[in-house]
Amino acid sequence: MPKARPLTKEHILAAMAKTKSNMAAARYLNCSYQHYKKWAKFYESDTHDSLFEQHKNQSGKGIPKFLRIGGKEPALLDLIEGRANASSFTPAKIKYRLLTEGYLEEKCAMCGFQERRVLDYKMPLLLHFKDNNKKNYKLDNIELLCYNHYFLTVGDIFTEKQVEGIEDHKPVNQGKVEWEVDDYHLERLKELGLGDDDKDELNIISRI
Ligand SMILES: [Zn+2]
């Protein structure tokens with residue numbers, strides 16, 4: 001992998017102007033969160049200790065409620081170290097926090113794939129639990145895999161019926177497969193300025 005390029009203050013300010021959180025700014029710059037964080041912390045801000053502090057979205061403004069990190073949240077570390085039961089939390093939220101808090105890098109653990117679809121910023125990555133226990137968030141048990149590596153090392157991603165829906169010239173089994181957009185990705189769409197309310201976003205999705 002090529003060495004990540006340094007980010008200038010102008011880069012970061014431009015990304016901040018277009019986004020609502022540091023995570024979104026990193027995505028906007030198409031670099032890893034860790035890399036963004038390093039540089040955003042490096043530059044001073046007029047109002048805060050650093051640009052990173054300035055762009056922290058503590059109130060969760062513009063971020064779906066279920067993704068907000070409030071006072072009642074258990075420390076993610078408790079989940080990772082098995083002290084908290086994962087079943088009380090939304091998997092999408094845990095995944096989001098693993099990424100934003102730097103425990104998991106958003107790329108395939110096997111080949112390093114990390115390209116985003118221009119359309120909605122989604123990456124074709126799936127969270128894989130090595131011991132098949134989807135409540136075991138220990139760091140040595142979880143990894144992100146691209147669709148190819150998930151298919152090759154874990155198993156099918158689509159059911160036969162879904163594949164049929166994708167390939168058949170008749171409209172069978174569609175709908176379900178193609179645009180299942182969860183709140184996490186609605187948030188990404190929101191960051192891209194695609195619509196101000198859920199209804200608009202869904203319309204956009206159905207038009208694609
Ligand atoms: Zn891969």
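1. The side chains of Glu106 and Arg116 meet in a salt bridge with an N to O distance of 3.1 Å, and in this predicted model both of these residues are buried. Glu106 and Arg116 each lie in the loop between α6 and β1, so the pair ties together parts that are 10 residues apart in sequence. The pairing is also part of something wider, since salt bridges that share partners join Arg27, Glu106 and Arg116 into one network. For a computational treatment, the general point to keep in view is that side chains of opposite charge can pair when their charged atoms come close.

2. The structure holds eight salt bridges, and two others may be set beside the buried one. Glu105 forms a salt bridge with Lys107, with the closest N and O atoms 3.8 Å apart; here Glu105 counts as partly exposed because its relative accessibility is 34%, and Lys107, at 23%, likewise counts as partly exposed. Glu53 forms a salt bridge with Lys56, the closest N and O atoms being 3.5 Å apart, where Glu53 has a relative accessible area of 28% and is therefore partly exposed, while Lys56 is assigned to the partly exposed class at 36% relative accessibility.

3. The zinc ion has as its protein donors Cys108 (SG), Cys111 (SG), Cys146 (SG) and His149 (ND1), which lie 2.1 to 2.3 Å from the metal. The angles among the four donor atoms run from 100 to 118°, and the site of the zinc ion is tetrahedral. Along the sequence, the donor residues of the zinc ion follow the spacing C-x2-C-x34-C-x2-H. Cys108 lies in the loop between α6 (91-100) and β1 (125-129), whereas His149 lies in helix α7 (residues 147-153), so this pair ties together parts that are 41 residues apart in sequence. Cys108 itself counts as buried, because its relative accessibility is 2%.

4. As to the overall architecture, the secondary structure of the chain comes to 10 helices and two strands, and from the N terminus on the elements run α-α-α-α-α-α-β-β-α-α-α-α. Of the 208 residues of the chain, 38% count as buried, and the accessible surface comes to about 13,000 Å², with 51% of that area belonging to carbon and sulfur atoms. Among contacts in the chain with a separation of 6 or more, 51% are accounted for by residues 24 or more positions apart.

5. How enclosed is helix α6, and which of its residues are buried? Seven of the 10 residues of α6 are buried, so this helix is largely enclosed by the rest of the structure. The buried residues of α6 are Lys93, Ile94, Tyr96, Arg97, Leu98, Leu99 and Thr100. The helix is followed by Gly102, whose phi is positive, near 80°.

6. Two loop residues in the N-terminal helices' connections deserve a look. Thr19 is found in the loop between α1 (9-18) and α2 (22-28), and at 11% relative accessibility Thr19 counts as buried. Leaving aside neighbours within four places in sequence, Thr19 is in contact with Ala24, Ala25, Tyr28 and His55. The C-alpha atoms of Thr19 and Lys190 are separated by 9.4 Å, although these residues are 171 residues apart along the chain. Ser50 has its place in the loop between α3 (33-42) and α4 (51-54), and counts as buried because its relative accessibility is 4%. Not counting residues up to four places away in sequence, Ser50 touches Ala40, Lys41, Tyr43, Glu44 and Ser45.

7. Turning to the surface, Tyr147, Phe158, Val163 and Ile166 make a nonpolar patch of about 320 Å². Ile166 has its place in helix α8 (residues 160-167), and at 46% relative accessibility this isoleucine counts as partly exposed, the upper limit of that class being 50% relative accessible area.

Notes. Residues numbered from 1 in each chain as written. Predicted model: local features only at pLDDT ≥ 70, side-chain atom pairs only at ≥ 80, totals over all residues. Heavy atoms only, no water. Patch = residues over 30% accessible without salt bridge, like charges linked within 9 Å, V, L, I, M, F, W, Y side chains within 5 Å. Areas by Shrake-Rupley, 256 points an atom, 1.4 Å probe, with all protein chains shown as cover. Salt bridge = Lys/Arg side-chain N within 4 Å of Asp/Glu carboxyl O. Helix = DSSP H or I, 4+ residues; strand = E, 2+ residues; numbered from the N terminus. Buried < 20%, exposed > 50% of the residue type's maximum accessible area, 1.4 Å probe, protein only. Contact = heavy atoms within 4.5 Å. Donors = N, O, S within 2.8 Å, 3.2 Å for Na, K, Ca; no water. Tetrahedral: all angles 85-135°; square planar, octahedral: opposite > 155°, others 65-115°.
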